[in-house]
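Please read the following report beside the sequence and the model. It moves from the whole assembly to single residues.

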There are 2 protein chains.
Amino acid sequence: MNGDPIKSFGLVIKEIRKSQGLSQESLATEANLDRAFISQVENGHKQPSLLTIFRLADALKLSVSELLKQVEAVLAGN
Amino acid sequence: MNGDPIKSFGLVIKEIRKSQGLSQESLATEANLDRAFISQVENGHKQPSLLTIFRLADALKLSVSELLKQVEAVLAGN
């Protein structure tokens, strides 16, 4: 496993959130998570659990496998 | 989100591990995780973090997105 999955996951969440015009606050509300936690995940300072990954994918309206595919693409440097 | 992602994830890990003829012990060694933890994940009693998901996928020689796609299939009742 190369690269940092936690950092890559954070980058992808931030990118998708912004592409959907969502604030951290509105994503936090949608995913029933804490805004500060969203910020820490996006900055690669906190890693999500399986359930949190599902909640974020749900809130961003994409499948978990699609979300992780984008993380894998970042890790692969694409 | 319907169904229980944690239980479904455990079922999928167990199924793939067995289909590859691996014991919990050998998967734990390959993924650099504790055997008891593998057992708890497979039984849906513990949920993995993002990094653990990557380690398990690596050890089972499939992509994280493919692993999560199988979890989503179980959740969808397919």
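The report below takes up the two copies, an annotated domain, a pair of helices and several individual residues.

This is a predicted model, in which local features need pLDDT of at least 70, side-chain atom pairs count only at pLDDT 80 or more, and totals for chains, interfaces and linings use all residues. Residues are numbered from 1 along each chain as its sequence is written, chains are lettered from A and ligands numbered from 1 in the order in which they are written, and side-chain values use heavy atoms, with hydrogens and water left out.

**The two copies**

A turn of 180° with a shift of 0.0 Å along the axis lays chain B on chain A with an RMSD of 0.0 Å, the superposition being by least squares on the C-alpha atoms of residues with pLDDT of at least 70 in both. The two copies are thus related as by a two-fold rotation axis. Both copies use the same surface, since 100% of the contact residues of chain B recur in chain A; contact here means heavy atoms within 4.5 Å.

**The annotated domain and a helix pair**

An unreviewed UniProt entry lists residues 13-67 of chain A as "domain: HTH cro/C1-type", and such annotations may be inferred rather than shown by experiment. Over residues 13-67 of chain A the chain is 67% helix and 0% strand, with the end C-alpha atoms 8 Å apart; helices (H or I, at least four residues) and strands (E, at least two) are DSSP runs, numbered from the N terminus.

Two packed helices are described by the angle between their axes and the distance between the axes. In chain A, the axes of helix α2 (residues 24-31) and helix α3 (residues 35-42) come within 8 Å and cross at roughly 110°. That makes α2(A) roughly perpendicular to α3(A), a term that covers angles of 65 to 115 degrees. The residues that meet are A:Q24, A:E25, A:L27 and A:A28 in α2(A) and A:R35, A:I38, A:S39 and A:E42 in α3(A). By class, this contact of α2(A) with α3(A) has 3 nonpolar, 2 polar and 3 charged residues.

**Buried and exposed residues**

In the table, buried means under 20% relative accessible area and exposed means over 50%.

| Residue | Relative accessible area | Class |
|---|---|---|
| A:S8 | 7% | buried |
| B:L67 | 0% | buried |
| B:F9 | 0% | buried |
| A:N32 | 61% | exposed |
| B:K61 | 64% | exposed |

A:S8 lies in helix α1 (residues 5-19) of chain A, and, not counting residues up to four places away in sequence, A:S8 touches A:V71, A:V74 and A:L75.

In chain B, B:L67 is found in helix α5, and, leaving aside neighbours within four places in sequence, B:L67 is in contact with B:F9, B:V12, B:I13, B:I16, B:I53, B:A57 and B:L62. The C-alpha atoms of B:L67 and B:S8 are separated by 11 Å, although these residues are 59 residues apart along the chain.

B:F9, placed in helix α1 (residues 5-19) of chain B, has contacts beyond four places in sequence that include B:V41, B:P48 and B:L67, and also A:L50 of chain A.

The two exposed residues sit in loops: A:N32 in the loop between α2 and α3 of chain A, and B:K61 in the loop between α4 (50-59) and α5 (64-75) of chain B. A:N32 has a positive phi of about 55° although it is not a glycine, and B:K61, likewise not a glycine, has a positive phi of about 60°.

Notes: Axes are lines fitted to C-alpha atoms, for helices over the stretch in contact, and angles run from 0 to 180 degrees between N-to-C directions. Angles under 35 degrees count as roughly parallel, over 145 as roughly antiparallel, 65 to 115 as roughly perpendicular and the rest as oblique. Ala, Val, Leu, Ile, Met, Phe, Trp, Tyr, Cys and Pro count as nonpolar, Asp, Glu, Lys and Arg as charged, and the others, Gly among them, as polar. Buried means under 20% relative accessible area, exposed over 50%, partly exposed in between (1.4 Å probe, protein chains only).
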